[in-house]
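User: I have a chain open and would like to walk through it. Can you take my questions as they come?

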Amino acid sequence: MASSKNIQKIEPYQRLAVYYDRLMDYIDYDVWIDDIEQLVKPFKPGPNWLDISCGTGSMAIRLADRGIDMTAVDLSSHMIEIAREKAAQQKVAIEFVVGDMIRFNSNAQYDVIINLHDGLNYLLDVADTQSFMENSYGLLKPGGVLLFDVVTPLLCQTHFRGYREIYTDELGGYERYTSYDPESQLSESTFTLNTSDEDTIEVESHIQRAYEMGDVESFCQDSKFDWWKILDDETLEQGNSDSERYLVILRKQL
Ligand SMILES: C[S@@+](CC[C@H](N)C(=O)[O-])C[C@H]1O[C@@H](n2cnc3c(N)ncnc32)[C@H](O)[C@@H]1O
């Protein structure tokens with residue numbers, strides 16, 4: 001797409017929301033749900049769960065379908081709109097809320113909170129990750145469980161140093177370019193989309209920070225949680241320097 005066009009910056013997922021499920025179609029969400037159920041099982045969690053970065057609701061809908069009473073939050077109203085439509089189509093009852101994971105509050109307390117598939121990587125500084133941990137702790141019942149994942153610098157270096165994709169469909173599609181800076185641990189994905197005005201393009205920028213083991217250990221150590229494990233998301237064994245994604249499980253004191 002020519003750079004001489006007018007560029008309008010739009011918010012993350014403003015237009016990408018409709019493409020999100022396509023972007024994620026390499027993920028087997030059912031396997032993820034099985035893993036999560038297996039990980040939380042020893043804690044015998046109750047039925048009130050919160051998905052705090054629910055995206056288009058793929059996890060929340062499956063969990064609700066398995067009998068869990070789900071509340072699902074996301075910062076993007078565009079993602080929530082699609083999640084609501086999907087839940088209605090699948091006749092699944094979920095309370096959807098547009099909200100921020102670092103300050104969402106509720107009168108309810110939850111048995112389990114999930115924040116999966118890179119949601120936390122959207123938090124770029126320590127103050128925000130600390131607020132997220134503190135807020136989640138407050139939202140959990142005693143003995144409740146928080147599960148989040150983060151992508152690591154290894155994943156970004158391996159897959160996203162100069163990644164380019166062009167996708168076309170009847171809606172116009174997008175051009176994606178993802179770069180990764182190992183020094184700052186920041187990745188930026190820009191999605192360029194045509195508009196009905198042929199002289200104007202819209203650009204969505206998604207900036208995320210990759211987190212390494214030391215970062216994740218600090219999240220846990222600096223929190224009020226009294227028990228945690230940092231796992232490799234593929235093996236569900238202790239995470240290590242070969243992990244591309246850590247899956248972290250923490251428990252609030254009883
Ligand atoms: C990669 S998507 C993951 C969505 C979903 N968890 C899944 O597994 O498909 C990351 C999501 O995090 C959301 N997000 C980013 N920052 C957020 C914040 N501060 N509070 C809540 N959601 C946020 C984005 O809007 C996006 O829907």
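User: What is the bridge partner of Lys-9 in β10?
Analyst: Lys-9 has Val-203 of β10 as its bridge partner. Strand names such as β10 follow DSSP runs numbered from the N terminus, with helices being H or I over at least four residues and strands E over at least two.

User: Before going on, what kind of model is this, and how are residues numbered?
Analyst: This is a predicted model, where local features need pLDDT of at least 70 and side-chain atom pairs count only at pLDDT 80 or more, while totals for chains, interfaces and linings use all residues. Residues are numbered from 1 along each chain as its sequence is written.

User: Back to β1. How many bridges join it to β10, and in which sense do they run, parallel or antiparallel?
Analyst: Strands β1 and β10 (residues 200-209) are joined by 5 bridges and run parallel. For two strands to pair, DSSP has to find at least two bridges between them.

User: How many of the residues of β1 are buried?
Analyst: The number is 0 of the 5 residues in β1 (residues 6-10), so this strand lies largely in the open. Buried means 20 or more other C-beta atoms within 10 Å of the residue's own, exposed means 12 or fewer, and partly exposed is in between, with C-beta atoms placed from the backbone.

User: And β5? How many buried there?
Analyst: In β5 (residues 110-115), 6 of the 6 residues are buried, so the strand is largely enclosed by the rest of the structure.

User: Which strands does β5 pair with?
Analyst: One is β2 (residues 48-51), in the parallel sense over 3 bridges, where Leu-50 has Ile-113 of β5 as its bridge partner. Another is β6 (residues 140-151), which runs parallel to β5 and is joined to it by 5 bridges. There, Asn-115 stands opposite Phe-148 of β6.

User: How does the chain cross from β5 to β6?
Analyst: The chain goes through helix α5 (residues 126-139), and the β-α-β crossover is right-handed. That label applies if, with the strands pointing away from the viewer, the path from the first strand over the helix to the second runs clockwise.

User: What about His-117, where does it lie?
Analyst: His-117 is in the loop between β5 and α5. His-117 is buried, with 20 other C-beta atoms within 10 Å. Its phi is positive, about 65°, although it is not a glycine.

User: What sign of phi do most residues other than glycine have?
Analyst: Most of them have a negative phi.

User: Where is Leu-236, and what is its phi?
Analyst: Leu-236 lies in the loop between β11 and β12 (245-251), and its phi is near 60°. Leu-236 is partly exposed, with 14 other C-beta atoms within 10 Å.

User: Which residues is Leu-231 in contact with?
Analyst: Leaving aside neighbours within four places in sequence, Leu-231 is in contact with Leu-236, Glu-237, Gln-238, Gly-239, Tyr-246 and Leu-247. Contact means that the C-beta atoms, placed from the backbone, lie within 7 Å. Leu-231 itself sits in β11 (residues 227-232) and is buried, with 22 other C-beta atoms within 10 Å.

User: Changing topic: which residues come nearest the ligand?
Analyst: Ser-53, Gly-55, Met-101, His-117 and Tyr-122 come nearest, out of 19 residues around the ligand. A residue belongs there if its C-beta atom, placed from the backbone, lies within 6 Å of the molecule.

User: How does that shell divide by residue type?
Analyst: The shell has 10 nonpolar, 6 polar and 3 charged residues. Ala, Val, Leu, Ile, Met, Phe, Trp, Tyr, Cys and Pro count as nonpolar, Asp, Glu, Lys and Arg as charged, and the others, Gly among them, as polar.

User: Now α3. Which of its residues are buried?
Analyst: They are Ser-58, Met-59, Ala-60, Ile-61, Leu-63 and Ala-64. That is 6 of the 8 residues of α3 (residues 58-65), so the helix is largely enclosed by the rest of the structure. The cover over those buried residues includes α1 (17-23), α2 (29-40), β2, β3 (69-74), α4 (77-89) and β5.

User: Last one: how many helices and strands are in the chain?
Analyst: The chain has 7 helices and 12 strands. Of its 254 residues, 35% count as buried.

Notes: Two residues are in contact if their C-beta atoms, placed from the backbone, lie within 7 Å.
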